[in-house]
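Trainee: Could we go through this model together? I'd like to know what stands behind the labels people put on it.
Mentor: Sure, let's pull it up and take the labels one by one.

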Amino acid sequence: MAELLFWPALLLYGEAAVGYFGDMRHPGRAGRVATWGVRFGWLLQTALLGVQAAREDGFPWGTWASSLDLFVWLVVSAYLIWGCRRPYRLLGLVVMPLAVALLVVARAGGGTGIGSASHYSNLFLVVHVGLVLAAFAGFTLAAALSGLYVWEERRLQTRPATILRRQMPALATLDSLALRTVAWSVPLLTLGAAVGLGRLVARGDRVDALIAVTAATWLVWCAYLGLRLFGGWTGRRAAYLALAGFALVVVVRLALPATHFA
Amino acid sequence: MRLVLVGTSHHHAPVELREQVALDRDQAQVLAARLGEDGREAVCVSTCNRTELYVAAPDADEAERAAAAALASLGPEIEPALYRLRDRAAAHHLFRVAAGLDSLVPGEGEILGQVRVAHELGTTGPLLDRAFRQALHAGRKVRAQTAIGESPASVSAAAAALAEQVFGSLGERSILLLGAGKVSEQAARNLRSRGAEITLVANSKTEREQIHERLAEVDVVIASTNAPGLVLEVATVAEALRARRGRRLLLIDLAVPRDLDPAIGELDGCYLFDIDDLEQIVVETLSLRRREAERAEAIVAAEAEKFHEWHASLDVVPAIASLRARAEEIREAELQKAESLLGRLDESQRRAVEAVTAQIVNKLLHLPTVRMKQAAAAADGVLYAEAVRHLFGLGEDER
């Protein structure tokens, strides 16, 4: 059953990634088809997570690979909030190839199949893994918005004749959406990490590399929020900081999780 | 009923001729009412680029003469510049006009509203009402399904579109006008129509001295002075940026020689466009509009064809109605004849016989009805209608 859901979902996400690339070259039908690919792919992945939870008798996020599966779902969910609107289609060019790549990695790690029940409690999985990954999904989206900001601002400064050919979100809108996304994500990470730390202290475990880098990530995004709200940072500077924060998210999600889950 | 169009437009007449027949709303309404007398229908579409009279009447020649005479009475020299179209061609032209495909700038949106107003002010009946409703539908469909109206078609519209690209909604954004040329006024008007406010118009040298203070507050600067050199140096803007705390500043330089230091565009948070940039954007967007116009033409042609099919079917509707009435008459007469037999049937059996005979009539007439409507769309409708009348002896009793 899981196989029957995984492959179509991956195929639809892949179709969306290609579609958004086509939409960049010739805006129109390719973008619409891509958006439907995201919607149907997301529904299938939701069903996949449901089947995994039902078969494993609990939330299937106890391994780094299965948590990566959840992370992809959260990123695509966050993208779907805006991605269906025409000006934001270009975000899909960043988000969907990333979703495809991460889903393939998750599968390679056995995260998209049916495994044995997790030794973590459901409550812990929801509050710690769920919240931390939701925050990371938010940071990913904020970074995509910031990347789009940097690209669009560059176009406004180089002034190509084609600048108005494609309908794009305004710079001010991208800037404020990135801020709002981070403003929601930082509290989620704080809460999720606090629960994890509580468990760590209670069990007398040691701080591993992932926890250390997650703390650094948390600091960077807190700094982003502080500088934007109180330091008057906007625009390009804030966008670069968001991209730096995202680089840490990539390290946390891809380079270190194996040690943490082990 | 025939559909007739007589009119002139920017394709056929220069402004000196067009202005002779240009009508305001009241005049257009009066003219449509006058032409719509004696059982005719009439609508007058009058804009700065065209004056067109659409008339629906049983006699197309007479309607055409009346419409041409009405326009000639407004401007005697207009006669050679008039075009005359009928039925299918007239409807297709109207649909193209409503979609903005016949406009000076392809896809301009104002014409859709002008056609709607003309329809409201016209003396319409079943034919023109349907024609204009479908034309407006086609116009809206073109705007919804193509990108023909999305890109700016003038320098001022391009400036406004760029402002929206930077700020999103322009509500409560402030504009500083540096000098007041025609194009900059148009650009400012365009921005104001989208919610922005003009906070300062700096025409004189004294007023220009206030610029330094205002630069820290405004969102858009539009410059178009006649000054021989730069009016705003990069150092001045850089100083103002410190007080702006990262707020973005869009600068539009419409002057030649330029008013704004080109180095301003390199400052963080400043976006500078000069007249060449804007003109190149307009050239590019116009070529996009032309490409989209091809898709729009296909939509318009399909919608015009639907209207034509409906219009053509009007020719055969009376014959179809007579045929069905005759068949029903025969059915009822035959049932009457069989009354002695049917009298023995109970109510439910009687209803079954009624239903079966009605079904036979309907099935027999279904294909001829469909074929006649198809023939009407292919311009053979009148011939078919005559043949049906002859074969079934329709209308002979009246004679």
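Mentor: This is a predicted model, and a good place to start is a helix pair in chain B: α2(B) and α5(B) cross in the right-handed sense.

Trainee: Which residues make that contact between α2(B) and α5(B)?

Mentor: From α2(B) you have B:Arg25, B:Ala28, B:Gln29 and B:Ala32, and they meet B:Val117, B:Ala118 and B:Leu121 of α5(B). Sorted by class, the contact has five nonpolar, one polar and one charged residues.

Trainee: What makes α2(B) oblique to α5(B)?

Mentor: Helix α2 (residues 25-35) and helix α5 (residues 110-121) of chain B pack at an angle of about 45°, with axes 9 Å apart. Roughly parallel needs an angle under 35 degrees, and roughly perpendicular runs from 65 to 115. An angle of about 45° fits neither range, so α2(B) counts as oblique to α5(B).

Trainee: Then why is α3(A) called roughly antiparallel to α4(A)?

Mentor: Helix α3 (residues 64-83) and helix α4 (residues 91-108) of chain A cross at roughly 160°, and their axes come within 9 Å. The cut-off for roughly antiparallel is over 145 degrees, so the label follows for α3(A) and α4(A). This crossing is left-handed.

Trainee: How do the residues of that contact divide by class?

Mentor: There are 15 nonpolar, two polar and one charged. Among them are A:Leu68, A:Phe71 and A:Trp82 of α3(A), with A:Val95 and A:Leu102 of α4(A) on the other side.

Trainee: On to the sheets. What makes β2 and β4 of chain B edge strands?

Mentor: The open sheet they belong to has four strands in the order β2-β3-β1-β4 (chain B), with antiparallel pairing. β2 (41-46) and β4 (83-86) each have a single partner strand, so one side of each is left without a neighbour in the sheet.

Trainee: How do you know that β1 and β4 of chain B really count as a pair?

Mentor: Two strands pair if there are at least two bridges between them. Strand β1 (residues 2-9) of chain B and β4(B) have four bridges, in the antiparallel sense, so they pass. For a spot to look at, B:Val6 stands opposite B:Arg84 in β4(B).

Trainee: Which helices pack on this sheet?

Mentor: Helix α4 (residues 87-98) of chain B touches β1, β2, β3 and β4, and its direction makes about 50° with that of β1(B). Helix α6 (residues 126-145) of chain B packs there as well, touching β1, β2 and β3.

Trainee: What about the sheet of five strands: what puts β6 and β9 of chain B at its edges?

Mentor: The order is β6-β5-β7-β8-β9 (chain B), with parallel pairing. β6 (197-202) and β9 (270-274) each pair on one side only. Further in, four bridges join β7 (residues 220-223) to β8 (residues 249-253) of chain B, and B:Val221 stands opposite B:Leu251 in β8(B). Helix α12 (residues 275-337) of chain B packs on this sheet, touching β8 and β9.

Trainee: Last one: how many residues does each chain bring to the contact between A and B?

Mentor: Chain A brings 19 residues and chain B brings 25. On the chain A side, α6(A) gives the most, with three residues. By class, that side has nine nonpolar, seven polar and three charged residues.

Technical notes. Residues are numbered from 1 along each chain as its sequence is written. Chains are lettered from A and ligands numbered from 1 in the order in which they are written. This is a predicted model: local features need pLDDT of at least 70, side-chain atom pairs count only at pLDDT 80 or more; totals for chains, interfaces and linings use all residues. Two residues are in contact if their C-beta atoms, placed from the backbone, lie within 7 Å. Helices (H or I, at least four residues) and strands (E, at least two) are DSSP runs, numbered from the N terminus. Ala, Val, Leu, Ile, Met, Phe, Trp, Tyr, Cys and Pro count as nonpolar, Asp, Glu, Lys and Arg as charged, and the others, Gly among them, as polar. Axes are lines fitted to C-alpha atoms, for helices over the stretch in contact, and angles run from 0 to 180 degrees between N-to-C directions. A crossing is left-handed if the near helix is turned anticlockwise from the far one by less than a right angle, and right-handed if clockwise.
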